[in-house]
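Reader: I'm new to this, so please take me slowly through one part of the protein. I'd like a close look at the salt bridges.

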Amino acid sequence: MANNNPLLNFQDLPLFDQIKPEHVSPAIDTLLAECRTVVAQLEQPIADIHWDNFVTPLENVTEKLGRAWGVVGHLNSVVDTPELRAAFNENQVKLTEFWTALGQNLNLYQHYKNLAQSADYDSLSMARKKIISNALRDFKLGGAELADEHKARFAEIQEKLAGLATRFSENLLDATNNYKLHISDAAELQGLPDYALEAAQHAAEQDGKTGYQFSLHFPSYFPILQFADNRALRETIYRANATKASELGGHPEWDNSAIMDELLALRQEEAKLLGFNNYAEVSLLPKMAESAEQVESFLLDLAHKARPFAEKDLQELRQFAREQFGIDELEAWDSTYVSEKLREQRYAFSEQELKQYFPEHKVLAGLFHVIASLFEVEIKADQASTWHPDVQFYRVERAGQLVGLFYLDLYARAAKQGGAWMDSARAHGRTATGIQTPVVYLTCNFNAPVLVEGVKKPATFTHDEVITLFHECGHGLHQLLTKVEDISVSGISGVEWDAVELPSQFMENFCWEWDVLQEMTAHSESGEPLPRALYDKMIAAKNFQSGLQTLRQVEFSLFDMRIHAQSDQAKKLSIAETLQQVRDQVAVIQPPTFNRFQHSFSHIFAGGYSAGYFSYKWAEVLSADAYAAFEEAANAEGTSLSRQTGLKFQTEILEMGGARPAIDSFVAFRGRKPSIDALLRHNGMTNS
Ligand SMILES: [Zn+2]
């Protein structure tokens, strides 16, 4: 009975304690049928088209489907069971089919075009105009405008691209899994910490061997590069890792070379079909960055500014290697090891010691205090049906009025997907019955409280975990504090991809402020706040080798942009030539000639980052510069938590969501365009 299906309850919060895997298919089938009925009606000619007789009914019906599916997806991520996974996979196929067909529906596309030309258009709000232009853009990129003779080829390219990306990942995974380095003598492994030795011993046992076994999975090989005193061993594992899935990897069946060339050629062909000069133009269309040239000059400028610091980092490293280890020629397999030793010598402090200052209750109180101070809201514990007893639930209020709600699922569990993320359970928007308050999920994977002699010892977090929590909360605030009334551009919806990390990275900055940390720390035994001496060490260690790290990110980003921005196929450089050209231009360290890092660069060959890897640095410029407004206010007001600046950030950035271009929101907040200065300063790359 549809009426009894908890996934079809849209009045209240999801009834997590009642939802069962067997509810999924009937609910999704019902909602898909409703969607198809409405779409079939809306496909018909509409005489007097306006927002309310076209977009409103379409958004209402698809929002219900999206919301119910969001609940299923969330449960699948946090309480995975075989039954739920089966229901999820089965229905995901139906949904993908539906969304793809919707994105290529020419009748709907025509209606959006007509709406953009209609008498009604001028009277629409900025948010609604943005929704229409986003829709037109997405239809175009989905191939809706292609001539019939090109449609089949376009679909074929899409299919091939998906297949090649999968094969790229599979080759990489096979090359990673199948490499085995067996060491019988523990003396060869001097310097490795116990956890790495134990894991290697366990891996050997799994294969019925004694001794130690290493693979090319990061947690397995990286401790060798970082800690192994044995230089030859470091070289062996470095070489294996740097050549995996390439023509030098010793396994032609896992060589990604041809796949990479084919991916680039097909992306270029797709771009041409869609009427663009190259794939970078396609990738950049829904982003804040305007052109490949703009991204190039941003990256080259950053490289230019980071270079003196990177050279200094390298010089220090070489000198330390010579003096401490007698290494005259610092090789690629030495730098991680020597860096680790240099870091230990300079900034020795124990992570374990620091962690004692961040008990959960104090961290949450500190976080809520930051939010309350900046944005004039109160966060109160509340009750709701959840998927696990450890999940907390809160309400956000302003002057006694409900603003939004959130679930906080902090601890790692079996059957919960790793990592940390924010997801929307219900978006802010206006419905026929009034304002729909937003609801979000904040999910982390921190260590749960442990039982010591029958008593629950409160969880304590590492500083990195605290930063993660603030980061996800930044995304959450974007979603919770928006005032946009059209859900397609409320909160993070419709925000450009390279700007979406602004609020999240922005929030991270507070985790480094002395006054904030004083409020948010209490030693788990003594109750004392973080001591100044320990804080000073944290700050000193924060920017260790940031020059080198920045150049590395620039190198990856520039390489990614250039292989996707070559319009003239006759003058095209190969992947290897492009990479060498980039290195000659920006790198201070030239990797060995056998290095084939590009063969495992999944972000751009198998993930969504093609011609988009620069987004990491791009968004960091925005978040650092936005945060600089708070630093300026702090100088005048004596607190990191300037309410006036907080309210402006809320009005111009958080509340606006995707309703206007990110650059306009930024300029409205800052009174000018973004500047790179704050990022350089935060990374310790200024000359003062
Ligand atoms: Zn994020």
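Author: Let's start with the rule: a salt bridge here is a side-chain nitrogen of Lys or Arg within 4 Å of a carboxyl oxygen of Asp or Glu. The idea behind it is that oppositely charged side chains can pair when their charged atoms come close. Keep in mind that you're looking at a predicted model. Going by that rule, there are 38 salt bridges.

Let's zoom in on helix α23, which covers residues 615-637. Glu-620 pairs up with Lys-617, and their closest N and O atoms are 3.1 Å apart. The two sit 3 residues apart in that helix, so about one helical turn separates them. Lys-617 is buried, at 8% relative accessible area, while Glu-620 is partly exposed at 22%.

Now follow the helix to Asp-625, whose side chain meets Arg-670 in a salt bridge, 3.5 Å from N to O. This one links distant parts of the chain, because Arg-670 belongs to helix α25 (residues 662-670), 45 residues away from Asp-625. Asp-625 has just 1% relative accessibility, so it counts as buried. Arg-670 is buried too, at 13%.

Arg-670 also meets Glu-632 in a salt bridge, this time at 2.9 Å from N to O. Glu-632 is in helix α23 and Arg-670 in α25, so this pair ties together parts 38 residues apart in sequence. Glu-632 comes out as partly exposed, with 45% relative accessibility.

So Arg-670 bridges to Asp-625 and to Glu-632.

Note on methods. Residues are numbered from 1 along each chain as its sequence is written. This is a predicted model: local features need pLDDT of at least 70, side-chain atom pairs count only at pLDDT 80 or more; totals for chains, interfaces and linings use all residues. Side-chain values use heavy atoms; hydrogens and water are left out. Helices (H or I, at least four residues) and strands (E, at least two) are DSSP runs, numbered from the N terminus. Buried means under 20% relative accessible area, exposed over 50%, partly exposed in between (1.4 Å probe, protein chains only).
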